[in-house]
Amino acid sequence: MNDDRSASHPAPTMTSGEEAAMRLAGLRWETTVSEARLGPTTHRVIQPARAFTHATLHLHDRYAGISADKTDAAALAAAWWLAARSPRSIVHLPLRSGSACDAHDDARPHDLVLLHRTLGFRTADWKAVRGALTRPRPHTIEVGPEPFPELPDVEHHRIHHREFNDHLRWRTAADTLFVIGTRTAFDRQGHLFRALVEEAPADRSRYPATHWCIEVDLGRKGTDRRNPSMYLHVECCDRHW
Ligand SMILES: [Zn+2]
Ligand SMILES: [Zn+2]
C-alpha cells in the first residue's frame, strides 16, 4: 500500500473487469417539475430532465418489459424512490421512444407514470394533463441515506391476508402504464430497484452471459378482475449494460 500515491489520487482506481460499487443512497437525479391546470385542479408533474435514450417500456399481455442500461437503472430507481415519497405529485417517465432492445411485434411502447392512490387522479385525464404542462423548473433529487430498508417478515406475510391493501394497482390510458399505490406499496418492492442499481453491475461483470432482471408485482394475486396480477419486468440489456 502506497499512502502517498492514494493521497494524490483520491479517486478509486479501477482495474479491468472491476467496477466501483454503485450506491442508490445519495444518488442524484436531475428532474423538471411542471404544472398543468385542468378545471379547478392543478397537477404537479415530475419528469426526468434528460430523456431516456435506451429504455423503452413495452406492454405485453401479462407483463410490461423494460430493457435498461446503467443510466436507465439509476433513473428508474430514483424515480421509484421519489414516487413513494411524493403523494401529491405525478412522476412521469417518458419511455415510448428509446432503443428497440426488448422490442416485440405485439407490444406497444408505453410511458410509465407512478402516483399515489390518495391523489385520486383520473387516468382518463392524463392525455389532457400531459398536453397542458407549463413552466418546467429544474429540480435535483437526491436519494436519502437508507432507501428501501428490508421489511420485517410480518410485512411480507401480510400480502396473503384478505384485507391486504398495499398492493400496486395498475391502469393503462393514452399509451401510458400507470402504477398506483401507497407509500408502503412502493416501498415494499423498492429493494428490487436498489438491487438493480447496486447488485446488477457486479453480477453482470462476473456472469456477463446470465439474464439479470427484477420482477415487480402489480395488481392483486388471485381473482381481482379489476386489477389482475401482472408484473413489471426490468432487465439489464445484454448489449448495452
Ligand atoms: Zn427476467
Ligand atoms: Zn440495449
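Begin by selecting strand 8 (residues 169–173) together with strand 9 (residues 176–181): the two run antiparallel and are joined by five bridges. The model on display is predicted, and this pair serves as the starting point of the tour.

Within the pair, select Thr172 and look across to strand 9, where Leu177 is its bridge partner. Next, select the turn. Strands 8 and 9 make up a hairpin, and two residues lie between them. In that turn, Ala174 has a positive phi of about 50 degrees.

Before moving on, colour the chain by pLDDT. The average over the chain is 88, and 86% of the residues score at least 70. Residues 1–17, however, have a pLDDT below 50, and this stretch makes four contacts in the model beyond near neighbours in sequence. Where pLDDT is low, the predicted coordinates should not be read in detail.

**Helix 6**

Now select helix 6, residues 190–198, and show its buried residues: Gly190, Phe193, Arg194, Leu196 and Val197. Why do they lie on the same side of helix 6? The reason is that they cover an arc of only 155 degrees around the axis.

What do these buried residues pack against? Add three helices to the selection: helix 2 (70–84), helix 5 (183–188) and helix 7 (200–206). Then add two strands, strand 10 (213–218) and strand 11 (230–236), which are also packed against by the buried residues of helix 6.

**Pro201**

Stay with helix 7 and select Pro201, which is found in this helix. Pro201 counts as partly exposed because it has 19 C-beta neighbours inside 10 Å, whereas a buried residue needs 20 or more. Add Met22 to the view: Pro201 and Met22 are 179 residues apart along the chain, yet 8.0 Å separates their C-alpha atoms.

**Two residues with positive phi**

Most residues other than glycine have a negative phi. Two further stops depart from that pattern.

Select Arg135 first; its place is in strand 7, residues 134–142. Phi of Arg135 is positive, near 50 degrees, although the residue is other than glycine. Is Arg135 buried or exposed? Arg135 is exposed, since 9 other C-beta atoms lie within 10 Å.

Finally, select Phe148, in the loop that lies between strand 7 and helix 4 (153–157). Phe148 is not a glycine either, and its phi is positive at about 50 degrees. With 23 other C-beta atoms within 10 Å, Phe148 is buried. Showing Arg135 and Phe148 together places an exposed residue beside a buried one in the selection.

Methods:
Residues numbered from 1 in each chain as written. Chains lettered and ligands numbered in written order. Predicted model: local features only at pLDDT ≥ 70, side-chain atom pairs only at ≥ 80, totals over all residues. pLDDT = per-residue confidence, 0-100. Contact = placed C-beta atoms within 7 Å. Pairing = 2+ DSSP bridges. Helix = DSSP H or I, 4+ residues; strand = E, 2+ residues; numbered from the N terminus. Buried ≥ 20, exposed ≤ 12 C-beta atoms within 10 Å, placed from the backbone. Arc of directions from axis to C-beta.
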